[in-house]
Amino acid sequence: MLPTARKLSFSEVPVVDLAPAWTGPEGRRKVADAIADAAGRVGFFYIINHRISDEDIAAIFRTAQDFHELPMDKKMEVSLKLNNHAQGYLNGMTKGNDKTINENLQEAFQIRRPLPPDDPGILAGKPLHGVIPWPPAMPDLKPRMMAYYDKIDALGYEMLDLFELSLDFEPGTLKASFKKDMNSLRLLHYPTQRPDEPGIHLGARAHTDTNAFTILAQDSNGGLEVRNRDGEFVAVPPIAGSLVVNVGEVLKVWTDGVYSSAVHRVINRSGNERYSIPFFMYPSYDALIQPLIKNPDPSNIAPEDLPTSFPRDKPFIYGELKSYNTARIMPRKSEAKTETAS
Ligand SMILES: O=C(O)CCC(=O)C(=O)O
Ligand SMILES: [Fe+2]
């Protein structure tokens, strides 16, 4: 059943226990209904009993730390400013092309699903297609990241099935847009910041995610916040053993706004270095995205006026809008010179 509760009317983020989903159809139905409520009313929810082990999560955090502790010149060897497909190292406080958008304090190493060098998209110079620049200074980064990627990607497809069920879609309805997905893993590092720090810079500025949905592992420091109906930023504090799932713009469009793509940000007030590991479920470049249902309650919708908001009123090719968006917020090869000069 589609959720009817008022969108973004929440003061805390719900927990969805996936344990019943692994027991059979009845359990899956129960979990899907809990997901429907959380995805509509909040747009964010924790998952527990997701079957990614504590050891695997601890390992990817160690990997993130090992990478970000490399000397800056080693990280800059794989800067995403050296390519035009936004993969590699993104240093903190980077200016994108759109100068009206503030810099983030966070630094990142990010990849999309690896492609073979003879992939037709790479050969054709298609946007967002390129060979991942793995750092020579950390030869085991690739196997360590890919070990986690394979597991979180499999969970991503389990969650996609549950989202389908939550909407009473035929199995495979959403999966059809993932024939050649661009699912993406980021290793994020946030410096500390004073809570009362003057200025405009946040760990991650307020945004919505421009994918179908995200599965985030956060460390024990906290700092993630999601905006509710009253404009208050509500904390998403770490819960041991949990991952955080949030609805992105594509799932919002598919559901005509029945599921909420909620605005969120990160302020690292902990006094410690913070790490987080988001995994983004990205449809195929060529997927045509448009509402798959008609919202029965069109006035009950989360705000859609962000630079990251995707339209519900005109169908779009996913990769075209995504690459336009990426070009605005990420520095690129052609801009690197101007940026260092200014
Ligand atoms: O670091 C976090 O907790 C959230 C990161 C995030 O929102 C993103 O990368 O889109
Ligand atoms: Fe996000």
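Mentor: The expected span of a helix is 1.5 Å times one less than its number of residues. Keep that rule at hand, and remember that this is a predicted model.

Trainee: How do you know that the length of helix H1 fits that rule?

Mentor: H1 runs over residues 25–41, which is 17 residues, so the rule asks for 24 Å. The C-alpha atoms at its two ends are 24 Å apart, and the two values agree.

Trainee: How does helix H5 (141–166) compare with its expected span?

Mentor: For its 26 residues, 38 Å is expected at 1.5 Å a residue. From first C-alpha to last, H5 reaches 36 Å, which is close to that value.

Trainee: Which residues of H1 are called buried, and what covers them?

Mentor: A residue is called buried because 20 or more other C-beta atoms lie within 10 Å of its own. In H1 that label goes to Val31, Ala32, Ala34, Ile35, Ala36, Ala38, Ala39, Gly40 and Arg41. Their cover includes strands E1 (15–17), E2 (44–48) and E10 (243–247), together with helix H5. H5 has buried residues of its own, among them Met145, Tyr149, Ile152, Leu160 and Phe163.

Trainee: What makes Leu243 a buried residue?

Mentor: The cut-off is 20, and Leu243 has 24 C-beta neighbours inside 10 Å, so Leu243 counts as buried. Leu243 belongs to strand E10, part of the cover over H1.

Trainee: Which residues does Leu243 touch, leaving aside those up to four places away in sequence?

Mentor: They are Ile47, His50, Ile52, Ile215, Leu216 and Ala217. Contact here asks for C-beta atoms within 7 Å. As a C-alpha distance, Leu243 lies 5.6 Å from Tyr46, although 197 residues separate the two in sequence.

Trainee: Why is Leu288 called exposed?

Mentor: The label needs 12 or fewer C-beta neighbours within 10 Å. Leu288 has 11, so it is exposed. Leu288 sits in strand E13, residues 288–289. Beyond residues up to four places away in sequence, Leu288 touches Pro315 and Ile317. The C-alpha atoms of Leu288 and Ile317 are 4.6 Å apart, with their positions 29 residues apart along the chain.

Trainee: What makes the phi of Asn49 worth a remark?

Mentor: Most residues other than glycine have a negative phi. Asn49 is not glycine, and its phi is positive, near 55 degrees. Asn49 lies in the loop between E2 and helix H2 (54–68). With 14 other C-beta atoms within 10 Å, Asn49 falls between the two cut-offs and is therefore partly exposed.

Trainee: Where does Asp168 lie, and is it buried or exposed?

Mentor: Asp168 is in the loop between H5 and E5. It has 12 C-beta neighbours inside 10 Å, and the limit for exposed is 12 or fewer, so Asp168 counts as exposed. Asp168 follows H5 and has a positive phi near 55 degrees. Gly43, just after H1, also takes a positive phi, about 85 degrees, but Gly43 is a glycine.

Trainee: Which residues surround ligand 1, and what kinds are they?

Mentor: The shell holds Arg186, Leu188, Ala204, Asp209, Leu216, Gln218, Leu224, His264, Val266, Ser276 and Pro278. They divide into six nonpolar, three polar and two charged. Strands E5 (184–190), E7 (213–218), E11 (264–266) and E12 (274–281) each supply at least two of the shell residues.

Trainee: How do you know whether the whole chain agrees with a compact globule?

Mentor: For 342 residues the globule rule gives a radius of gyration near 20 Å; the protein chain has 19 Å, so the two agree. The C-alpha trace spans about 55 × 45 × 40 Å along its principal axes. Of the residues, 42% count as buried. Among contacts with a separation of 6 or more, 81% join residues 24 or more positions apart. The chain contains eight helices and 14 strands.

Trainee: What confidence does the predictor give?

Mentor: The mean pLDDT of the protein chain is 92, and 93% of the residues reach 70 or more. Residues 335–342 have pLDDT below 50, and that stretch has five contacts in the model beyond near neighbours in sequence. For the complex, the ipTM is 0.99 and the pTM is 0.95.

Methods. Residues numbered from 1 in each chain as written. Chains lettered and ligands numbered in written order. Predicted model: local features only at pLDDT ≥ 70, side-chain atom pairs only at ≥ 80, totals over all residues. Helix = DSSP H or I, 4+ residues; strand = E, 2+ residues; numbered from the N terminus. Contact = placed C-beta atoms within 7 Å. Near = placed C-beta within 6 Å. Nonpolar A, V, L, I, M, F, W, Y, C, P; charged D, E, K, R; others polar. Rg over C-alpha atoms; globule rule 2.2 N^0.38 Å. pLDDT = per-residue confidence, 0-100.
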